[in-house]
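This report introduces a single molecular structure to a reader who has not met it before. The sequence and the model are shown first, and the description follows.

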Amino acid sequence: LMLPITNPSVYQNTTATETIYVQMTNRAQAICTATTSFDIEVFALPVINAIVQLDQCDDDNDGISTFNLNEVANEITTNLTANTITFYSDLSDAQNGLNPITTVATYQNTTPSSQTLYARVENVNACYRTAQININVTTTQIPASFLRTIY
């Protein structure tokens, strides 16, 4: 005996794969019914670290530096073989998979000293999560003309 799902809009599965049975009843003739079924399958989301940080030193005190965003890939997820990572400057773009950063290995921050970027981590089932990347540029007050001789 199977019990009906009383509120289908908030149904929660109990196993990763389930068969849902549907019985339709004709409102005018209650004895007229039809049945069908369909399977649902729930895929796992990628496992990620939600927030990571990438630091870079500045060589000319302008707060702008070149980053290789791939350096944080292992910090975001430990399963790079099963996941694809793409980088974005906007959270909405990361969530929708639009306008990825194309200069991943030579990205220059557009806001001096710090900027927030996002990574979309997607698995083979098209399930994804987004991670926040805080990039920081550390500037120094040491002038380029500074020279110290060490004996």
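Across the whole structure, which is a predicted model, a search finds zero disulfides. A disulfide is a covalent bond between the sulfur atoms of two cysteines. C32 is counted as partly exposed because its relative accessibility is 38%. C57, with 60% relative accessibility, is counted as exposed, since the cut-off for that class is over 50%.

A search for salt bridges through the whole structure returns one. The partners are E122 and R120, whose closest N and O atoms are 3.0 Å apart. R120 is buried, because its relative accessible area of 10% falls under the limit of 20%. E122 is partly exposed, at 25% relative accessibility. R120 has a further partner in Y128: the charged end of R120 sits over the ring of Y128, 3.8 Å from the centre of that ring. Pairs between aromatic rings, by contrast, number zero in the structure.

The accessibility values of the residues discussed in this report are collected below.

| Residue | Relative accessibility | Class |
|---|---|---|
| C32 | 38% | partly exposed |
| C57 | 60% | exposed |
| N70 | 44% | partly exposed |
| R120 | 10% | buried |
| E122 | 25% | partly exposed |

The nonpolar interior is considered next. The largest nonpolar core comprises 20 residues, and L69, I76, F87 and I133 have the most contacts inside it. At least two residues of this core come from each of β3 (51–57), α1 (73–76), β5 (83–88), β7 (114–123) and β8 (128–138). The largest share, four residues, is supplied by β8.

Which residues does F87 touch, not counting residues up to four places away in sequence? Its contacts are L69, N70, V72, I76, P100, I101, V104, Y118, A119 and I133. Among them are L69, I76 and I133, which, with F87, have the most contacts inside the core.

N70, another of the residues touched by F87, lies in the loop between β4 (66–67) and α1. Is N70 buried, partly exposed or exposed? N70 is partly exposed, because its relative accessible area is 44%, and the partly exposed class lies between 20% and 50%. Leaving aside residues up to four places away in sequence, N70 touches F87 and V104. V104 is also among the contacts of F87. N70 and I85 are 15 residues apart in sequence, and their C-alpha atoms are 8.9 Å apart in space.

Conventions:
Residues are numbered from 1 along each chain as its sequence is written. This is a predicted model: local features need pLDDT of at least 70, side-chain atom pairs count only at pLDDT 80 or more; totals for chains, interfaces and linings use all residues. Side-chain values use heavy atoms; hydrogens and water are left out. A nonpolar core is a set of buried Ala, Val, Leu, Ile, Met, Phe, Trp, Tyr and Cys residues joined through side-chain atoms within 4.5 Å. Buried means under 20% relative accessible area, exposed over 50%, partly exposed in between (1.4 Å probe, protein chains only). Contact means heavy atoms within 4.5 Å. Rings of Phe, Tyr and Trp (its six-membered ring) pair if their centres lie within 6.5 Å; planes under 30 degrees apart count as stacked, over 60 as edge-to-face and the rest as tilted. A charge sits over a ring if NZ of Lys or CZ of Arg is within 6 Å of the ring centre and within 35 degrees of the ring normal. A disulfide is a pair of cysteine sulfur atoms within 2.5 Å. A salt bridge is a side-chain nitrogen of Lys or Arg within 4 Å of a carboxyl oxygen of Asp or Glu.
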